Amino acid sequence: MASGIKDKVAILGMGCTKFGERWNASPEDLMVEAYGEAMADAGIGPEQLGAAWFSTHMEDIGTGRGGMPMGIALRLPNIGVTRVENFCAGGSEAVRAAVYAVAAGACDIALALGVEKLKDTGYGGLPAATVGTLVPQWYPNAVGPANFAQLATAYRRKHRMDAATLKRAIAHVSVKSHANGARNPKAHLQNTVTEEQVLNAPIIAEPLGLYDCCGVSDGAAAVVVTTPDIARGLGKKNLVTVKALQVSVSNGWEMHSNQWDGSYCHTARIAAKRAYEEAGVANPREELSILEVHDCFSITELVTMEDLFLSLEGNAVKDVMDGFYDADGKIPCQIDGGLKCFGHPIGASGIRMLYEIYLQLQGRAGPRQLANPKLGLTHNLGGQPSQNVCSISIVGLESV
Amino acid sequence: MVGIVGYGGYVPRLRLSRKAVVEANSWFAPHFAGKAKGTRSMANWDEDSITMAVAAARDCLGPCEDRSGVAALSLASSTLPFAERQNAGVVREALTLGRNVEVMDFTGSQRAALSALSDAVFRAQAGAGETLVLAADNRKTRAASAAELDFGDGAAALMIGRTNVLAEYLGSATISEDFVDHFRIAGEEIDYAWEERWIRDEGVSKLVPEAIAAALENSGIAAGQIDHFIFPTCFQKMEAQLARKCGIRDGAIVDGLMSRIGDTGTPHALLLLAHVLERAQPGQTILLAQFGSGAQAFVFRVTEASASFRPRTGVSGWLARGMEEANYTKFLSFKGQLRLERGMRGEQDKKTALTTLYRHRETILGLVAGRCEITGEVHFPPSRLSYTPGCPALDTQRPYKLAERIGEVLSWSAEYLSFNMAPPHHYGQIDFDGGGRILMEFTDISRGDVESGTKMEMVFRIKDVDELRGFNRYFWKATPVRPLPSADEMKAAE
């Protein structure tokens with residue numbers, strides 16, 4: 001029986017660029033920025049790195065394929081650099097690889113970095129991803145907003161909820177994230193919005209309006225990991241250690257049976273259960289202090305609260321409206337602004353989430369610092385509700 | 001006895017208001033003011049002669065999965081999408097007809113459908129089994145032309161055979177003549193036509209009566225005995241003039257549906273025939289003629305068995321299901337005559353891997369899923385491994401057709417982000433009666449037409465157009481099940 005990853009690996013240092021429309025920064029520039037901050041935070045030199053993992057999703061408009069773009073951009077000392085790509089969970093996958101390498105004793109210190117340069121397309125929103133030669137011959141020419149908007153139609157049907165009630169709840173999700181993003185100097189969108197603005201915004205994909213969709217941003221984030229002993233040896237205190245790393249990938253059940261009702265993400269529930277088990281979390285609603293979830297769209301965040309077993313099924317609307325996930329609520333969610341406002345450079349997002357929780361746990365989050373957070377969870381969802389990859393990470397103070 | 005053993009039709013849902021066209025063009029072509037009456041049928045952007053032929057064939061064949069009675073299939077059209085690639089072959093795949101079915105394209109003249117009908121009659125007479133004769137047209141016209149107002153889009157289907165004959169074939173005749181009333185050289189999109197007076201006086205008025213006389217003689221029927229006279233024409237009162245000239249009773253003249261759908265071209269005679277067959281009484285005789293590179297005429301007599309057959313929707317059903325469209329620019333855009341701004345998302349390459357298409361042709365063109373023999377779960381697309389919890393089963397799936405099954409919307413959205421010819425772009429997950437689920441595009445749809453739980457049916461449509469290489473990608477789409485109008489409603493619509 002595997003013993004799990006809990007407390008075997010610690011975060012030595014982290015870095016994250018400002019996210020946003022970085023018109024004058026290349027993906028290489030972004031990598032250098034995030035890497036520089038992470039290495040300075042870690043207090044080590046490149047020669048101490050044993051291996052590196054590189055996450056980027058859209059090679060055609062970013063850096064190109066493989067590990068070389070990162071090896072060259074960061075002038076790494078000819079260590080192994082491996083590109084990982086797993087849709088929006090890519091950043092978390094890079095972290096998983098680096099953490100596993102350290103835990104396995106294959107290297108002492110490992111680097112994971114994610115970058116995405118999305119603002120070289122010429123238009124807003126995400127570019128279409130390549131999907132092979134069969135899928136385009138039958139699958140809709142679908143876009144993310146309409147894929148995720150379907151959660152809303154199915155959720156309403158399941159819970160017999162009127163459109164206005166759900167629309168108002170998901171508006172609250174966005175209003176909250178904008179309020180949080182306004183206090184984060186690295187966030188892409190730092191403006192507050194009112195519920196009225198969200199409700200009246202132009203429709204992108206029914207029922208989602210403009211403010212129900214996350215920012216499309218350039219950015220990079222990096223993390224250096226090592227063993228707790230090495231970290232202590234390097235003089236680090238208040239260690240943040242990895243408690244759980246879980247990934248669940250669809251196997252077709254959602255589409256190849258008629259059992260899934262379309263109102264939630266099957267993989268998220270599986271990954272959450274496994275992660276809580278690995279981390280020894282018995283009651284997540286009581287034990288978690290902070291959440292960074294994949295709020296690509298406001299409706300995704302709302303159903304994720306149920307998928308993570310924080311809100312009871314059908315009850316997320318009430319919890320959201322009660323402010324349970326607001327900055328001053330029981331479990332603040334997206335305290336850094338989330339994908340919604342911090343932004344969503346795909347390959348970097350998982351590491352960006354980790355960055356915020358790391359800062360919060362170490363008490364270094366500045367004006368948005370929460371009181372005594374101990375345990376945080378990150379959640380990424382790549383693909384779409386009907387077939388996706390979900391990663392869930394739990395990190396916390398070593399003592400927890 | 002040889003004759004018609006089944007029939008059907010198809011008229012696209014959209015009916016373009018002629019008033020909208022005339023008003024939009026009035027600054028340029030004020031002389032069309034008198035034509036600002038009624039509607040013409042208008043294909044959706046994702047329809048062409050192949051997809052409309054499939055719709056007409058399904059109207060004729062019904063939902064029955066066993067279509068093994070079809071021995072041959074012909075598709076007549078002057079607007080076949082492909083100059084190379086057998087168009088009727090695509091139709092055969094969509095209908096999931098067997099590989100042993102002989103498949104033919106007929107084209108080159110407005111009476112190509114009657115040539116196909118001749119061929120089918122001869123096959124039946126020779127005992128070669130039943131032939132499904134399909135005809136469809138989606139003609140392009142110049143903006144602000146008479147043809148733009150007169151033409152329509154549509155399709156028709158006739159099954160010709162020897163068992164349970166609904167209308168017996170009595171005789172036919174053909175006059176072949178290189179009378180060039182209009183032409184279109186290969187590669188061109190729009191016809192070039194000569195003066196109407198010459199076509200009426202020297203063409204239609206001389207060649208059609210000759211063909212009719214010969215057909216009547218071959219049939220042993222006198223002109224005065226004809227109960228239904230079908231002659232499609234855009235020319236005012238041309239049918240009446242011909243009837244008088246040929247000795248056919250005035251009351252026998254069949255309304256050409258010009259005011260409602262326009263002249264659909266190659267399929268129009270068969271479309272009108274399919275319409276007449278819905279109401280014709282046993283013993284009545286039908287004469288149909290069409291003009292084009294000569295003339296051709298057929299005579300049928302309705303049998304006692306005629307009441308035993310009903311098309312699924314029928315021409316009268318399609319007529320009643322029309323929706324008026326007042327956006328002239330939508331018509332121009334759908335016909336490829338007005339290029340609206342598509343944005344960069346519209347630049348996405350739509351290259352089709354033909355090897356992949358061939359491997360998956362039954363899945364893509366026939367909408368054939370795989371049903372696991374052990375669990376009964378339906379997989380789309382089919383796969384070697386079936387989903388069974390904990391123990392994927394290998395090679396347990398058998399072909400399972402979904403095209404004729406009704407589905408229900410599980411979830412959906414409509415978005416304005418991706419490029420789509422008819423925004424907002426609707427798609428969602430469809431759960432099929434009996435199992436199976438596909439995330440698919442919706443068509444013939446307006447905002448507010450769907451909600452979770454809405455019943456949907458499948459239609460064969462163009463999925464994507466590869467403008468770079470000139471290729472249409474076909475697949476199935478979902479459209480709301482629209483109840484057939486009641487008999488009273490249909491009567492009122494007539």
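A:Pro207 lies in the chain A loop that runs between β5 (203–205) and β6 (208–209). The exercises below concern a predicted model.

**Exercise 1. Cis peptide bonds**

Determine which residue precedes A:Pro207 at a cis peptide bond, and locate the cis bond that involves B:Pro381.

*Solution.*
Step 1. The bond that leads into A:Pro207 comes from A:Glu206; omega is near 5 degrees, and the bond is cis.
Step 2. In chain B, the peptide bond from B:Phe380 to B:Pro381 is cis, with omega near -10 degrees.
Step 3. B:Pro381 is placed in the loop between β16 (378–379) and β17 (385–386) of chain B.

**Exercise 2. Positive phi outside glycine**

For A:Asn238 and B:Ala144, state the phi value and decide whether each residue is buried or exposed.

*Solution.*
Step 1. A:Asn238 is not a glycine, yet its phi is positive, at about 50 degrees.
Step 2. This asparagine, A:Asn238, sits in the loop of chain A between α7 (228–233) and β8 (240–249).
Step 3. The relative accessible area of A:Asn238 is 57%. Exposed means over 50%, so A:Asn238 is exposed.
Step 4. B:Ala144, likewise a residue other than glycine, has a positive phi near 65 degrees.
Step 5. The loop that holds B:Ala144 connects β6 (130–137) and α5 (146–150) of chain B.
Step 6. B:Ala144 has a relative accessible area of 16%. The cut-off for buried is under 20%, and B:Ala144 is therefore buried.

**Exercise 3. Packing of two helices**

Classify the mutual orientation of helices α5 and α10 of chain A, and identify the residues that make the contact.

*Solution.*
Step 1. Helix α5 (residues 163–181) of chain A packs against helix α10 (residues 298–307) of chain A at about 100 degrees, and the axes are 9 Å apart.
Step 2. Angles of 65 to 115 degrees count as roughly perpendicular; α5(A) and α10(A) therefore belong to that class.
Step 3. On the side of α5(A), the contact is made by A:Leu166, A:Ala169, A:Ile170, A:Val173, A:Ser174, A:Lys176 and A:Ser177. The residues contributed by α10(A) are A:Ser298, A:Ile299, A:Glu301 and A:Leu302.

**Exercise 4. A nonpolar surface patch**

Name the residues of the nonpolar surface patch in chain B, and describe the position and exposure of B:Phe183.

*Solution.*
Step 1. B:Val180, B:Phe183, B:Tyr192, B:Trp194 and B:Trp198 make a nonpolar surface patch of about 540 Å².
Step 2. Of these, B:Phe183 belongs to strand β9 (residues 182–183) of chain B.
Step 3. With a relative accessible area of 42%, B:Phe183 is partly exposed.

How values were computed. Residues are numbered from 1 along each chain as its sequence is written. Chains are lettered from A and ligands numbered from 1 in the order in which they are written. This is a predicted model: local features need pLDDT of at least 70, side-chain atom pairs count only at pLDDT 80 or more; totals for chains, interfaces and linings use all residues. Side-chain values use heavy atoms; hydrogens and water are left out. Patches are made of residues with over 30% relative accessible area and no salt bridge: like charges are joined within 9 Å, nonpolar side chains (Val, Leu, Ile, Met, Phe, Trp, Tyr) within 5 Å. Accessible areas come from the Shrake-Rupley method with a 1.4 Å probe; for residues, only the protein chains shown count as cover. A salt bridge is a side-chain nitrogen of Lys or Arg within 4 Å of a carboxyl oxygen of Asp or Glu. Helices (H or I, at least four residues) and strands (E, at least two) are DSSP runs, numbered from the N terminus. Buried means under 20% relative accessible area, exposed over 50%, partly exposed in between (1.4 Å probe, protein chains only). Axes are lines fitted to C-alpha atoms, for helices over the stretch in contact, and angles run from 0 to 180 degrees between N-to-C directions. Angles under 35 degrees count as roughly parallel, over 145 as roughly antiparallel, 65 to 115 as roughly perpendicular and the rest as oblique. Contact means heavy atoms within 4.5 Å.
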